[in-house]
Structure formats: C-alpha cells, structure tokens
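Open the model in your viewer and keep the selection box handy. We'll walk from stop to stop, and at each one I'll say what to pick and what you'll find there.

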Amino acid sequence: AKQRAEAHLLQLCMIPNSMGIWETCFTRLATAWGEMKEEIRPTHVVFSADNGIVSEGYIGFGGEITKKHTLTMLRGGAAVTCLAKYANIPVEIVDVGIISERPIGRDGKAHEGTRNFLHEPAMTGDEYQSVCHKAKALIAELAGKGVNIISFGEMGIGNTTTSAAVLSAIT
C-alpha cells in the first residue's frame, strides 16, 4: 500500500515532495489502511471522567472542573471542539465516569467517577469491561457509518496523574 501510494503521488501533476507533510500523511494513511481510500472521514472521540485521585488534594483544580469543561465541549466552546469545527471534524463526547446523575454526552459510564487508586482499585474488573465494551461498540458504530480515521482525547481533572500511574504500571 505504501508503494502504491508513493507511485500515485509521483503520477500527480506536481513537483515531487512539494506538498511536504501532506504527502507523508497520505502515504502513512494509505499504509495503515492497506489501500488508498477516496476520502478521509474522521471523527474525534473525547472520553471524559472524574479521577478519584483528585481527593488527595495534590491536583491544582477540583473535580467539578471535569463536569463543567465537558459541558463546554458539548456546547462547542472548548479548544478541542473549536479546532475540530475549523477542520470540519465531528466530535463525540463520551461520559465514561463523570460524577453526575445523568450522562454528559454519550453514556459510556459504569460508575460515577473512579475511586482513589492510592487506597483501592480505581475500577472493578466489571466496570473496566463495561466501559471497554461501550467504547468498542462506539468504534464499531462509527466505522459502520463510514468513519475511517478516529482520533482520541480525554478530559478529567487528575488525568495526568492517572496516566502516569498507568504508564508506570505498564513499564
């Protein structure tokens, strides 16, 4: 696929390498897909949740910011949603654990927030499986609608601490 994409670029009416990063991106996409597609149909998915580690008091903001910022994303007023709009990229906001009675955005939660992982597992195995199942279902749904490239983001006060802990555990 990479060779076909590179050959295709050489047949176009342009000076080779004159499109810079666009040529690199096209070749990488064609390689990842295993073929050249007629168009890019992207969607950006943001998973939003409260992190129990915030209760330790070491994070610069309170957990209520997660809910407020997620509502701002849904209204299109957050940086990610504004930039996606400029690029004509649809955004899906998925509540995978915001502390709220009702889901904010698409419902993907198994629990309202995670627990403080310093004192207990942040999620039970069943909660983790539930969230993963809902995320996989969303990906399948988007693919079924013709989406062929999905980018991911996350929102949640304390998420850097959580991410660092996960990375530490993995490595």
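In which loop does asparagine 88 lie? Select asparagine 88 and you land between helix H4 (79-86) and S2; helices (H or I, at least four residues) and strands (E, at least two) are DSSP runs, numbered from the N terminus. Asparagine 88 has a positive phi of about 60° although it is not a glycine. For background, most residues other than glycine have a negative phi. Asparagine 88 is also exposed, at 68% relative accessible area (buried is under 20%, exposed over 50%, partly exposed in between, with a 1.4 Å probe and protein chains only).

Before moving on, some housekeeping: this is a predicted model, where local features need pLDDT of at least 70 and side-chain atom pairs count only at pLDDT 80 or more, while totals for chains, interfaces and linings use all residues. Residues are numbered from 1 along each chain as its sequence is written, and side-chain values use heavy atoms, with hydrogens and water left out.

**The sheet**

Now colour the strands. You have an open sheet of 4 strands in the order S3-S2-S1-S4, with parallel pairing (two strands pair if DSSP finds at least two bridges between them). S3 and S4 (149-155) stand at the edges with a single partner strand each, so one side of each is left without a neighbour in the sheet.

Pick S1 (residues 42-49) next: S1 pairs with S2 over 6 bridges in the parallel sense, and with S4, again parallel, over 7 bridges. S1 is mostly covered, with 7 of its 8 residues buried. To check the register, click valine 45, whose bridge partner in S2 is glutamate 92, then valine 46, which stands opposite isoleucine 93 in S2. On the S4 side, serine 48 stands opposite methionine 155.

Step over to S2 (residues 91-97), which is mostly covered too: 5 of its 7 residues are buried. From S2, 2 bridges lead to S3 (residues 106-107), and the two strands run parallel. Valine 94 is opposite arginine 106 in S3.

**Helices on the sheet**

Show helix H3 (residues 64-74). H3 packs on the sheet, touching S1, S2 and S4, and its direction makes about 145° with that of S4; contact means heavy atoms within 4.5 Å, and axes are lines fitted to C-alpha atoms, for helices over the stretch in contact, with angles from 0 to 180 degrees between N-to-C directions.

Within H3, select threonine 70. Threonine 70 is buried, with a relative accessible area of 0%. Leaving aside neighbours within four places in sequence, threonine 70 is in contact with Ser48, Ile93, Ile98, Ile104 and Met155. You have already met three of these names, serine 48 and methionine 155 as one facing pair, and isoleucine 93 as the residue opposite valine 46.

Then bring up helix H5 (residues 125-144), which lies across S1, S2, S3 and S4 and runs at about 165° to S1.

**A loop serine**

Which residues does serine 100 touch? Go to the loop between S2 and S3, where serine 100 sits. Not counting residues up to four places away in sequence, serine 100 touches Lys67, Asp95, Lys109 and Glu112. Serine 100 is buried, at 6% relative accessible area. A polar atom of the serine 100 side chain lies 2.6 Å from the backbone oxygen of arginine 102.

**Threonine 162**

Next, find threonine 162 in helix H6 (residues 159-170). At 22% relative accessibility, threonine 162 counts as partly exposed. Beyond its neighbours within four places in sequence, threonine 162 is in contact with Asn51, Ile53 and Phe117. Its side chain makes a polar contact with the side chain of asparagine 51 at 3.0 Å (a polar contact is a pair of N or O atoms within 3.5 Å; within protein, one must be able to donate a hydrogen and the other to accept it, and residues adjacent in sequence count only if both atoms are side-chain atoms).

**Last stop: H1 and H2**

Draw a distance from threonine 162 to histidine 8: the two are 154 residues apart in sequence and 44 Å apart in space, C-alpha to C-alpha. Now look at helix H1 (residues 2-11) and helix H2 (residues 21-33), whose axes come within 8 Å and cross at roughly 145°. The contact is made by Lys2, Ala5, Glu6, His8 and Leu9 of H1 and Glu23, Phe26, Thr27, Ala30 and Thr31 of H2.
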